[in-house]
Amino acid sequence: MRTENQIQSKINELTLQRRSLETRLAPLESDSPQRESLNAQIGRLEDMILMLEWVLNAPSGRYHA
């Protein structure tokens, strides 16, 4: 099991990767073949970040107990 600090560190790492991809994506033409690939990578990173944030802030309550 990872510690909270390790999870937050991974979130920060993935966020930096996402920003890097967004920076690479910005100057590309709308019909560039690289856009699709970069958008897919950004989507995967966002999914991973959301999952890690969910781990840190897991829902509580009767339904989740």
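**Exercise 1.** What covers the buried residues of α1?

*Solution.* The model is a predicted one, in which local features need pLDDT of at least 70 and side-chain atom pairs count only at pLDDT 80 or more, while totals for chains, interfaces and linings use all residues. Residues are numbered from 1 along each chain as its sequence is written, and side-chain values use heavy atoms, with hydrogens and water left out.

Begin with the helix itself, where helices are DSSP runs of H or I with at least four residues, numbered from the N terminus. The buried residues of α1 (buried: under 20% relative accessible area; exposed: over 50%; partly exposed: in between; 1.4 Å probe, protein chains only) are Ile-7, Ile-11, Leu-14, Thr-15, Leu-21 and Leu-25. Seen down the axis of α1, these residues fall within an arc of 125°, taken from the directions from the helix axis to the C-beta atoms, so they line one face of the helix. On the other side of α1, Asn-5, Leu-16 and Thr-23 are exposed. The cover over the buried residues includes α2, residues 33–56, and the buried residues of α2, namely Leu-38, Ile-42, Leu-45 and Ile-49, pack in turn against α1.

**Exercise 2.** Which residues make up the largest nonpolar core, and which element gives the largest share?

*Solution.* A nonpolar core is a set of buried Ala, Val, Leu, Ile, Met, Phe, Trp, Tyr and Cys residues joined through side-chain atoms within 4.5 Å. The largest one has nine residues: Ile-7, Ile-11, Leu-14, Leu-21, Leu-25, Leu-38, Ile-42, Leu-45 and Ile-49. The elements that give two or more residues to this core are α1 and α2, and the largest share, five residues, comes from α1. To follow one member, take Leu-25, which, leaving aside neighbours within four places in sequence, is in contact (heavy atoms within 4.5 Å) with Arg-35, Leu-38, Asn-39 and Ile-42.

**Exercise 3.** How many salt bridges does the structure hold, and how far apart are the closest N and O atoms in each?

*Solution.* A salt bridge places a side-chain nitrogen of Lys or Arg within 4 Å of a carboxyl oxygen of Asp or Glu, and the structure holds two. Lys-10 pairs with Glu-13 at 3.3 Å; being three residues apart in helix α1, Lys-10 and Glu-13 are separated by about one helical turn. Glu-22 pairs with Arg-18 at 3.7 Å, and these two, four residues apart in helix α1, are likewise separated by about one helical turn.
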